[in-house]
Protein chains: 2
Amino acid sequence: MSKILVVEDEPMVAEVVERYLRRDGHDVTIVFDGQSAVEQFARERADLVILDLMLPRLDGSAVCRKIRATSDVPIIMLTARGDERDRLQGLELGADDYVTKPFSPREVAARVRAVLRRTTPVEGRERMLEFDRIQIDGARRSVTIEGRPVALTVREFDILYHLASNPSHVFSRDHIVASLWGDDFVGDASTVTVHVRRLREKIEADPARPRHVRTVWGVGYCFEP
Amino acid sequence: MSKILVVEDEPMVAEVVERYLRRDGHDVTIVFDGQSAVEQFARERADLVILDLMLPRLDGSAVCRKIRATSDVPIIMLTARGDERDRLQGLELGADDYVTKPFSPREVAARVRAVLRRTTPVEGRERMLEFDRIQIDGARRSVTIEGRPVALTVREFDILYHLASNPSHVFSRDHIVASLWGDDFVGDASTVTVHVRRLREKIEADPARPRHVRTVWGVGYCFEP
DNA sequence: CGCTTTCTTACGGAAGGCTTACGAGATTGG
DNA sequence: CCAATCTCGTAAGCCTTCCGTAAGAAAGCG
């Protein structure tokens, strides 16, 4: 369903949380310290971040600030029990919710559901992605290339948006299918190929030699500004 | 948009809530105890009150009673977590909604939007939207196209106003239904289609090729000036 | 040069949107 | 207080658009 980044230095805790989130159909990535969290988030945007406040290398509040600098992604904080200061700090930093330790994994899963329900229907794909030649407006679902508007279908737009939200990052066909169609999609991943073809037809000057939506042979596709 | 009185003795919490409400365009006043709340409300009526139950000098329930004695202003209660008695007491006292601590500021902002939508069906949306060809008067609920007045029904106007208040932004049918009919509307979202049809019949030069109320295939509708 | 991966094309089906018509409820005017 | 009118929501049929699949061609890799 959604991509979730879990930042938690205690492996046991992380593992339990992961299991519960996967059971809800989410795509979970785990990192064990703050520095890795920031790097991972830069590499691949998550739909939601679960963030322990006490972390090695770079603590939770710093991570939160760094993430908030570039994204409105929902953040759920894990804080020590009843530490009022932690709580206030978390809220101030822009966390969307927080859970006090010790917590039950079920509670975390429930909060995740609640936060996602609150944040995904309205927000979500509404960021504006701007590059030299291409502008992609998530709210309008419109794309312009060198000022000229281009009409894309739903799938085409979703694929482009997904690729462009992480420029130069390579996404496999399977990953794209899972992200846009959902894990329960029965069909073939080759359908992505066709959509990419049609997408190139619309946005590339020379579709046979694509400049923006590149093929990485044996791996997948990536967007280059 | 609306004037909101926040009654919360914890300055940090109050500040965070304030920031989120201001972001939604509201005019926020903060007081830190119950006595001041009553005085402030008497001095200047608010459109909505956010009221902590635990307060110095005069507790939340007393404040609620005093306010209710003179006004039907919507009140959102902040109560301790899971304290069922607080909740019941709050509802009994005439609160319109309540949020349990610890809460996320986004949730509070969402509740505020929901309550305002519920309680101020006509007010609040009194902005004048002016474009080259179309003028939409939220206060008078009138529309003119190239100087000519056009008579719209309630639904038609609401849809047009909602779309036009965010030009070029795409709204899904479900979103429109939720915003105008309320979250608890049971009916079909396709009813929006019909209203849009009738709306176009009135405001578009060529309803078959709409210029202002555009269809974004697979997504929803958007207004273009 | 053979094998795998990707490209390209065409087509049938499915989904989404449009249009129309109708009955129930609300509103207005006599 | 009743009748005429208006508005709203639903349903059904039609039409357009888009999507997924399959199959052969081309391209990249070892």
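Okay, so let's start at B:Thr215, where a polar side-chain atom sits 2.7 Å from a phosphate oxygen of DNA strand C. Keep in mind that this is a predicted model. B:Thr215 is also one of the closest residues to strand C, along with A:Arg197, A:Thr215, A:Tyr221 and B:Arg197. The surroundings of that strand come to 20 residues.

What does the protein come up against on strand C? Of the DNA strand C atoms that come within 4 Å of the protein, 85% are sugar and phosphate. Chain A has its own examples. The side chain of A:Arg197 puts an N or O atom 2.4 Å from a phosphate oxygen of DNA strand C. A:Arg200 has a side-chain N or O atom as well, 2.9 Å from a phosphate oxygen of DNA strand C.

As for where these residues come from, H8 of chain A and H8 of chain B each give at least two residues to the surface near DNA strand C. If you sort that surface by class, you get 8 nonpolar, 6 polar and 6 charged residues.

Let me go back to B:Thr215 for a second and look at the sheet. B:Thr215 stands opposite B:Tyr221, which is in E12 of chain B. E11 and E12 of chain B, with E12 covering residues 220-223, run antiparallel and are joined by 4 bridges. Add E10 and you have an open sheet of 3 strands in chain B, ordered E10-E12-E11, with antiparallel pairing. Which strands are at the edges? Those are E10 (171-172) and E11 (213-216) of chain B, each pairing on one side only.

Now over to the other DNA strand, D. There are 22 residues around DNA strand D, and the ones that come nearest are A:Trp181, A:His195, B:Thr153, B:Arg155 and B:His195. Here sugar and phosphate make up 72% of the strand D atoms that come within 4 Å of the protein.

Three contacts to point at on your screens. A:Trp181 has a side-chain N or O atom 2.5 Å from a phosphate oxygen of DNA strand D. With A:Arg155, a backbone N or O atom lies 3.1 Å from a phosphate oxygen of DNA strand D. And which part of DNA strand D does the side chain of B:Arg198 meet? That one is a base nitrogen, 3.1 Å from a side-chain N or O atom of B:Arg198. The elements giving two or more residues to the surface near DNA strand D are helices H6 (154-164) and H8 (190-203), from chain A and from chain B. By class, that surface has 8 nonpolar, 8 polar and 6 charged residues.

A:Trp181 deserves another look, and this time from the protein side. In helix H7 of chain A, residues 173-181, A:Trp181 is buried, and so are A:His175, A:Ile176, A:Val177 and A:Leu180. What covers them? The cover includes strand E1 (3-7), H6, strand E10 (170-172), H8 and strand E12 (220-223) of chain A. Just after that helix, A:Gly182 takes a positive phi of about 95 degrees.

Last bit, zooming out to chain A as a whole. Chain A has 8 helices and 12 strands. Out of its 225 residues, 49% are buried. Taking the contacts in chain A with a separation of 6 or more, 54% are between residues 24 or more positions apart. The accessible surface of chain A is about 11,100 Å², and 50% of that belongs to carbon and sulfur atoms.

Technical notes. Residues are numbered from 1 along each chain as its sequence is written. Chains are lettered from A and ligands numbered from 1 in the order in which they are written. This is a predicted model: local features need pLDDT of at least 70, side-chain atom pairs count only at pLDDT 80 or more; totals for chains, interfaces and linings use all residues. Side-chain values use heavy atoms; hydrogens and water are left out. A residue is near a molecule or strand if one of its heavy atoms lies within 4 Å of it. A polar contact is a pair of N or O atoms within 3.5 Å; within protein, one must be able to donate a hydrogen and the other to accept it, and residues adjacent in sequence count only if both atoms are side-chain atoms. Ala, Val, Leu, Ile, Met, Phe, Trp, Tyr, Cys and Pro count as nonpolar, Asp, Glu, Lys and Arg as charged, and the others, Gly among them, as polar. Buried means under 20% relative accessible area, exposed over 50%, partly exposed in between (1.4 Å probe, protein chains only). Contact means heavy atoms within 4.5 Å. Accessible areas come from the Shrake-Rupley method with a 1.4 Å probe; for residues, only the protein chains shown count as cover. Two strands pair if DSSP finds at least two bridges between them.
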